[in-house]
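Visitor: I have a structure to go through with you. Can we start with the ligand?

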Amino acid sequence: MSGNEFQYIKEAFDSNWIAPLGPNVDEFEKEIAHYMGVNGAVALSSGTAAIHLALSLLNIGKGDKVFCSSLTFVASANPILYQGAEPVFIDSEPETWNMSPRALERAFLDASSEGVMPKAVVVVNLYGQSAKMDEIMALCQAYGVPIIEDAAESLGAFYKGRASGTFGQFGIYSFNGNKIITTSGGGMLVSDQNHFIQKARFLAAQARDKAIFYQHSELGYNYRLSNILAGIGRAQLPFLKDRVAARRKVFSRYYEQLSHLPGLEFMPEPDYMQSTRWLTAFTIDESQLGISSEILLQALNSENIEARPVWKPLHLQPLFIKNQYYAHSDRENVCEQLFMTGICLPSGSNLSEEEQERVIHCIHNAIEIKGLTLYG
Ligand SMILES: *Cc1c(COP(=O)(O)O)cnc(C)c1O
């Protein structure tokens, strides 16, 4: 928390706006839209709800195909199933770990020769970093398919000077407890198209028709953000820049002290992007480092340090086992490789230097011990 949250919460209590609407909701939406440079924003109960509404606004339904990044959290794809649609998973490329334009192009070529085009592409920006949006947007424009940009993990990141989450027809953010700013739970749908914004607000509040009685012509949802939680978001937003700086500093300390190790490679950042480094992640080449990512994770966890593997690709999940998948190339399956060798380190904006030293020490130790047993 930033410290100013109580003031906004108190205002909500004092004015008795304890509802999924009210002045904090309105202002939070305006502030996000202004900050990101988009026409409109709708505050919602979660990032997942935002993805669901975007799919619903694009009239995606039973049997429709939706392309989606494979290397991501399950929430990127679950709403595709809510709509009865069928996800087709797309591999990553090595320079950003995000959606491979090459794999996407092959998926489009197949879809067009089969005559069944996808109704949308869900592009995920992993661990604070944008995907290769120019290449992805060019393909989607050529095939006339809208983009939903899942920027849940990349709030505060930039791609060629433009805010992450503002590239697609829709962008979505999350304010879940683990994200860079949080309302404990919450999300935002952004778009430049005002008719979508208005329709999203309508659908998120049970799709109530303009009538004096309760009348409903369309299927709606209860997806609005509470006025209390929106107050927490308003207090956090001014600190987003500081948190990005803090996370990037955490990354650079890890980088300084670990990047010399053979076979240890940090998630790259192309020079025309600015990642938030929401999580510091790296891969391990066991043949060079002498220790696998699995053993290193065990060593960290046994010291009560919460390190985690990289997301398990969705096309490998039992839930999606029947769904199609396009790899980066015939020989390169990038996201499976990242899953098998990748680790995310503790990266919180408030991680102290002492705490970080402990993590780094534990990594050095684990590698040394392994080296001793191997060569000593
Ligand atoms: C957190 C997250 C979401 C979902 O956001 P919620 O607010 O938790 O529903 C979606 N996509 C990605 C990539 C995420 O990390």
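Visitor: Which side chain has an N or O atom 2.8 Å from a nitrogen atom of the ligand?

Guide: That is D150. The pair is a polar contact, meaning N or O atoms within 3.5 Å. The model is predicted, so local features need pLDDT of at least 70 and side-chain atom pairs count only at pLDDT 80 or more, while totals for chains, interfaces and linings use all residues. Residues are numbered from 1 along each chain as its sequence is written, and side-chain values use heavy atoms, with hydrogens and water left out.

Visitor: And which side chains pair with an oxygen atom of the ligand?

Guide: A polar side-chain atom of E153 is 2.6 Å from a ligand oxygen. For S174, the distance from a side-chain N or O atom to a ligand oxygen is 2.7 Å.

Visitor: How much of the ligand does the protein bury?

Guide: The protein buries 94% of the 380 Å² that the ligand exposes when taken alone. Those areas come from the Shrake-Rupley method with a 1.4 Å probe.

Visitor: Which residues come nearest to the ligand?

Guide: G47, T48, E153, S174 and K179, out of 15 around the ligand. A residue counts if one of its heavy atoms lies within 4 Å.

Visitor: What is the make-up of that shell by class?

Guide: The shell has 8 polar, 4 nonpolar and 3 charged residues. Asp, Glu, Lys and Arg count as charged, Ala, Val, Leu, Ile, Met, Phe, Trp, Tyr, Cys and Pro as nonpolar, and the others, Gly among them, as polar.

Definitions and conventions: Polar contact = N/O pair within 3.5 Å; in protein donor to acceptor, adjacent residues only side chain to side chain.
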